[in-house]
Amino acid sequence: MAEDWQVSLDAIRRSYRPGVRGTGGTALFGVELIEVDRGLTVFRLPITDAVRGGVGDGVHGGVIAALVDIGLVSAVLSACRQGDEMRGTAELNVSYLRPAQGKALIARTTILKKGRTLAVGDVDVENDASVLVAKGRGTYALGQRG
């Protein structure tokens with residue numbers, strides 16, 4: 001039986017190559033896709049002056065929230081089948097656990113549940129020393145083309 005995924009993993013990888021995404025968080029903050037699989041993404045955010053402004057000169061909380069959302073959206077897309085329609089982030093929660101300091105942040109998103117109308121994902125944000133700095137959870141709205 002042929003795969004009925006909406007988007008190939010290679011297409012997702014290609015869409016996150018430098019210079020391809022255009023505007024938005026990935027280009028604005030320098031977010032890089034490290035890994036993608038069905039229902040899983042890993043992104044890297046280099047910590048530069050452009051993203052600082054948080055506690056202890058760490059990454060600003062709004063940038064971390066954007067990183068969580070980027071991971072959620074991409075992980076949901078990787079899990080969508082033909083006929084699924086992505087409709088937008090319905091809910092986003094971020095718990096900031098400690099200052100986000102270091103050279104980079106790594107956001108690992110796992111889709112916990114994907115149904116016909118909602119997908120829920122969990123996001124761990126660690127610094128480059130593997131210290132958990134934030135925990136995110138998001139709900140993404142889906143529909144069915146038809």
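Two strands are taken to pair if DSSP finds at least two bridges between them. With that rule in hand, the predicted model can be read outward from one hairpin. Strands β1 and β2 form this hairpin with 2 residues between them, and G39 in the turn has a positive phi of about 80°. The two strands run antiparallel and are joined by 5 bridges. β1 covers residues 32-37, while β2 covers residues 40-46. Within this pairing, V36 stands opposite T41 of β2.

Strand β2 has a further partner in β4, which spans residues 104-114. Here 7 bridges make the connection, and the strands again run antiparallel. In this pairing F43 stands opposite A107 of β4. How many of the 7 residues of β2 are buried? The count is 6, so the strand is largely enclosed by the rest of the structure.

Three residues of β2 show what this enclosure looks like from the inside. L40, which lies in β2, has a relative accessible area of 15% and is therefore buried, as the cut-off for that class is under 20%. Leaving aside residues up to four places away in sequence, L40 touches E35, A75, S78, R108, T109 and T110. L40 and A79 are 39 residues apart in sequence, yet their C-alpha atoms are 8.3 Å apart in space.

L45 is a second useful point of entry. With residues up to four places away in sequence again set aside, L45 touches F29, V31, V51, V59, V63, L67, K103, A104 and L105. L45 is also among the residues with the most contacts inside the largest nonpolar core, together with V59, L67, L105 and V125. This core has 26 residues. Helices α1 (9-15) and α3 (61-79) each supply at least two of them, as do strands β1, β2, β4, β5 (118-127) and β6 (132-144). The largest share, 6 residues, comes from α3. A second core of 8 residues is separate from this one and includes L72, C80, A119 and L142.

F43 is the third residue of β2 to consider, and it leads to the aromatic side chains. The count of aromatic pairs comes to 1. The rings of Y16 and F43 have centres 5.1 Å apart and planes at 70°, so their arrangement is edge-to-face. The pair links distant parts of the chain, as Y16 and F43 are 27 residues apart. Y16 belongs to the loop between α1 and α2 (25-29), whereas F43 sits in strand β2. Both partners are buried: Y16 has a relative accessibility of 13%, and the value for F43 is 0%. Another aromatic ring, that of W5, has a charged neighbour, with the charged end of R81 sitting over it at 3.8 Å from the ring centre.

Charged groups also meet one another. Side chains of opposite charge can pair when their charged atoms come close. A search of the whole structure finds 10 salt bridges, and a few of them are described here. Within helix α1, D10 and R13 are 3 residues apart, about one turn of the helix. Their side chains meet in a salt bridge with an N to O distance of 2.6 Å. D10 counts as partly exposed at 45% relative accessibility, and R13 likewise counts as partly exposed at 37%.

The side chains of E85 and R87 form another salt bridge, at 2.8 Å from N to O. In this case E85 is partly exposed, with 26% relative accessibility, whereas R87 counts as exposed at 52%.

A further salt bridge brings K135 and D124 together, with 2.4 Å from N to O. K135 lies in strand β6 and D124 in strand β5, so this pair ties together parts that are 11 residues apart in sequence. K135 is partly exposed, with a relative accessible area of 30%, and D124 also counts as partly exposed, at 26%. The two belong to a network of salt bridges that links D122, D124, K135 and R137.

Technical notes:
Residues are numbered from 1 along each chain as its sequence is written. Side-chain values use heavy atoms; hydrogens and water are left out. Buried means under 20% relative accessible area, exposed over 50%, partly exposed in between (1.4 Å probe, protein chains only). Helices (H or I, at least four residues) and strands (E, at least two) are DSSP runs, numbered from the N terminus. A nonpolar core is a set of buried Ala, Val, Leu, Ile, Met, Phe, Trp, Tyr and Cys residues joined through side-chain atoms within 4.5 Å. Contact means heavy atoms within 4.5 Å. Rings of Phe, Tyr and Trp (its six-membered ring) pair if their centres lie within 6.5 Å; planes under 30 degrees apart count as stacked, over 60 as edge-to-face and the rest as tilted. A charge sits over a ring if NZ of Lys or CZ of Arg is within 6 Å of the ring centre and within 35 degrees of the ring normal. A salt bridge is a side-chain nitrogen of Lys or Arg within 4 Å of a carboxyl oxygen of Asp or Glu.
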